[in-house]
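User: Could you walk me through how to read strand pairing and aromatic contacts in a model?

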Amino acid sequence: MPSFEQSYTKNKKTNKYPQGWLIILADGVRFFLEHKYWTLYVAAVRSTNGGKAYFLDPVLLPGKESLTSWKTV
C-alpha cells in the first residue's frame with residue numbers, strides 16, 4: 001500500500017489564476033501522521049480588484065512549519 005505522501009504527489013494540478021496584481025493568503029496546518037510531523041501548506045490568490053480567490057495546489061512537507069519550508073513552497 002502506498003504511503004500518504006506517495007498518493008498525494010500523484011494528483012494532477014488544476015490551478016487557475018486571476019489577472020493583474022494579486023494578493024496571496026497563506027497558512028500552514030501541522031498534523032501528526034505515520035509517526036511523524038507533517039505540515040500542509042495552503043495558499044490562495046485573489047486579484048486586488050476583488051472577486052474570487054483561487055486556491056493553489058497544497059504542498060505537503062515533513063516536519064514543522066518553518067521559514068525554510070515556506071521558501072521551498
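User: Which way do strands β1 and β2 run, and how many bridges join them?

Analyst: Happy to start there. This is a predicted model, and in it β1 (residues 22-33) and β2 run antiparallel, joined by 12 bridges. To find the register, look for Ile-23, which stands opposite Arg-46 in β2. The two strands form a hairpin with 2 residues between them. In that turn, Glu-34 has a positive phi of about 55°.

User: What else does β2 pair with, and in which sense?

Analyst: β2 pairs with strand β3 (residues 53-55) in the antiparallel sense, over 3 bridges. Here Arg-46 stands opposite Ala-53. The hairpin of β2 and β3 has 5 residues between the strands, and Gly-50 takes a positive phi near 100°. β2 also runs antiparallel to strand β4 (residues 59-62), with 4 bridges joining them. On that side, Trp-38 stands opposite Pro-62.

User: How should I think about the side chains along a strand like that?

Analyst: As a general idea, side chains in a regular strand alternate between the two faces of the sheet.

User: Now the rings: how many aromatic pairs does the structure hold?

Analyst: A pair of aromatic rings is described by the distance of the centres and the angle of the planes. The structure holds 2 such pairs. In one, Phe-32 and Tyr-37 have ring centres 5.1 Å apart and planes at 70°, so this pair is edge-to-face.

User: Why does that angle make the pair edge-to-face?

Analyst: Because planes over 60 degrees apart count as edge-to-face, and the planes of Phe-32 and Tyr-37 are at 70°. As for their surroundings, Phe-32 counts as exposed at 53% relative accessibility, while Tyr-37 is partly exposed, with a relative accessible area of 39%.

User: And which residues form the other pair?

Analyst: Tyr-41 and Trp-70, again edge-to-face, with 4.7 Å centre to centre and 85° between the planes. This pair links distant parts of the chain: Tyr-41 lies in β2 (residues 36-47) and Trp-70 in helix α2 (residues 67-72), 29 residues apart.

User: Is Tyr-41 buried or exposed?

Analyst: Tyr-41 counts as buried, because its relative accessibility is 1%. Its partner Trp-70 counts as partly exposed at 27%.

User: What sits over the ring of Tyr-37?

Analyst: The charged end of Lys-64, 5.2 Å from the ring centre. Tyr-37 is thus a good place to pause in the viewer: its ring pairs with Phe-32 and has the charged end of Lys-64 over it.

Conventions
Residues numbered from 1 in each chain as written. Predicted model: local features only at pLDDT ≥ 70, side-chain atom pairs only at ≥ 80, totals over all residues. Heavy atoms only, no water. Phe/Tyr/Trp six-rings, centres within 6.5 Å; stacked < 30°, edge-to-face > 60°. Buried < 20%, exposed > 50% of the residue type's maximum accessible area, 1.4 Å probe, protein only. Lys NZ or Arg CZ within 6 Å of the ring centre and 35° of its normal. Pairing = 2+ DSSP bridges.
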